[in-house]
Every structure is written in structure tokens, then in C-alpha cells.
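Thanks for sharing this one. Here are some notes to read with the structure open beside you.

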Amino acid sequence: MLRLALFQPDIPQNAGTMIRMAACLGIAVDIVEPTAFDVSDRHFRRSGMDYLERAAVRRHDSFSAFENWRRAQGHRLVLAETDGETALPDFAFRLGDIVLVGRESAGVTAEVHAAAEASLHIPMRSGLRSLNVALAAAMVMGEALRQTGGFPGRDGTDDDHPEAR
């Protein structure tokens, strides 16, 4: 199973949108604390709607806690960022990958960069800075699901309850 990690998200609407997408596509979500909002935030609840309860979400108190868990589970960490080393169309995903997106306001820390085993970017027209993080996450996860054959229902099943191991 693929996973999407949100590093210290600071815009509740984007976090809710990404969790909603993950619920619909059977992707587990890891939230690396701290967040800039509470899960009761009305913007977070509104953007995630009733899908928040259908998503497999695991919260980690810090990046260090997330990193210890990730390494113990044997997941590869793939950082999606504006200046990632490999262009999305050229990147080869594997089952078990965790795609991590950074904070909307500040990206990720040097510690996160050092821990990532790969980094990728979405090619864009020159002179433009970046896509919305939720849109970028959807594009990256869509490509990862396509490459790994992970879209729900493709094998005749409708497994909408992924484990948040």
C-alpha cells in the first residue's frame, strides 16, 4: 500500500482535501505533528467532510517519531517538492512508498531532506513557483497508483478500509 505523509500541515482546508482524496483512493495518511490547527477546525472538517472518518490516518508526535516508525516498517520516503531531483514522469514508484509533502508556508526541514531516499518535482512552466499542495499531492499519488496498479476496484474488489499500520 502507498502512503501519503503531511509534514506539519498549516492550512486546514488543504489537509482535509488530501485526507478526503486518500480515503477515496485507499491511501493511508501519516500526519507529522505539529499541525497549525486542531482537528475540530471547521475548515478542516468542511474540506474533509464525512470522508475523514473513512480514511486510515496515523498521527506522529514529531518527525523523529515518524522516521523511527517508517524505518521500522521498511518504507521508502519520497519527498515531493518544488525543486526535487527527479521529474514526476521519470520517477519509478514502488509499493510501500511514502510520499511526503511539506508545509504550505515553509516546505520541510533539513532533517527531512536528509532522511528522504528520493525527491521528485512536478514539471511546470518556467516563471511559476508552485502548485497548491493538495493538488500536487493528488497528481503525485495518482501517478504512484497508476504505476503500482493500486487504484481501488481494478482487481474486482472495493477495499475502502486500508490499515493504518
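The points below go through one helix, a surface patch, an aspartate and a glycine.

1. A word on the source before anything else: this is a predicted model, so please read each distance below as a value computed from predicted coordinates.

2. Helix α5 is a good place to start, covering residues 133–148. Its length checks out nicely: 16 residues at 1.5 Å a residue should span 22 Å, and the C-alpha atoms at its ends are indeed 22 Å apart. The expected figure is 1.5 Å times one less than the number of residues, in case you want to repeat the sum.

3. Both ends of α5 deserve a look. At the N-terminal end, N132 acts as the cap, with a side-chain oxygen 2.7 Å from the backbone nitrogen of A134. After the helix comes G149, which has a positive phi, near 65°.

4. Which residues of α5 are buried? They are V133, A134, A136, A137, V140, M141, G142, E143, A144, L145 and T148. You may like to note that E143 is included in that list. The packing partners of these buried residues are β1 (3–7), α1 (12–25), β4 (77–80), β6 (98–101) and β7 (118–121).

5. M139 also sits in α5, but it counts as partly exposed because its relative accessibility is 37%, between the 20% limit for buried and the 50% limit for exposed. M139 belongs to a nonpolar surface patch together with M124, L128, L131 and L135. Together the five side chains' residues offer about 420 Å² of accessible area. I would show this patch in a figure.

6. Is D97 buried or exposed? With a relative accessibility of 1%, D97 counts as buried, since the cut-off for that class is under 20%. This aspartate lies in the loop between β5 (86–87) and β6.

7. The polar partners of D97 are worth displaying too. Its side chain makes a polar contact of 2.7 Å with the side chain of R76, and the D97 side chain also reaches the backbone nitrogen of R94 at 2.9 Å. Setting aside neighbours within four places in sequence, D97 is in contact with M1, L2, R3, R76, V78 and F91. R76 thus appears both as a polar partner and in this contact list.

8. Finally, a glycine in α1: G16 is located in that helix and counts as buried because its relative accessibility is 0%. G16 and Y51 are 35 residues apart in sequence, while their C-alpha atoms are 8.9 Å apart in space.

Technical notes
Residues are numbered from 1 along each chain as its sequence is written. This is a predicted model: local features need pLDDT of at least 70, side-chain atom pairs count only at pLDDT 80 or more; totals for chains, interfaces and linings use all residues. Side-chain values use heavy atoms; hydrogens and water are left out. Patches are made of residues with over 30% relative accessible area and no salt bridge: like charges are joined within 9 Å, nonpolar side chains (Val, Leu, Ile, Met, Phe, Trp, Tyr) within 5 Å. Accessible areas come from the Shrake-Rupley method with a 1.4 Å probe; for residues, only the protein chains shown count as cover. A salt bridge is a side-chain nitrogen of Lys or Arg within 4 Å of a carboxyl oxygen of Asp or Glu. Helices (H or I, at least four residues) and strands (E, at least two) are DSSP runs, numbered from the N terminus. Buried means under 20% relative accessible area, exposed over 50%, partly exposed in between (1.4 Å probe, protein chains only). Contact means heavy atoms within 4.5 Å. A polar contact is a pair of N or O atoms within 3.5 Å; within protein, one must be able to donate a hydrogen and the other to accept it, and residues adjacent in sequence count only if both atoms are side-chain atoms.
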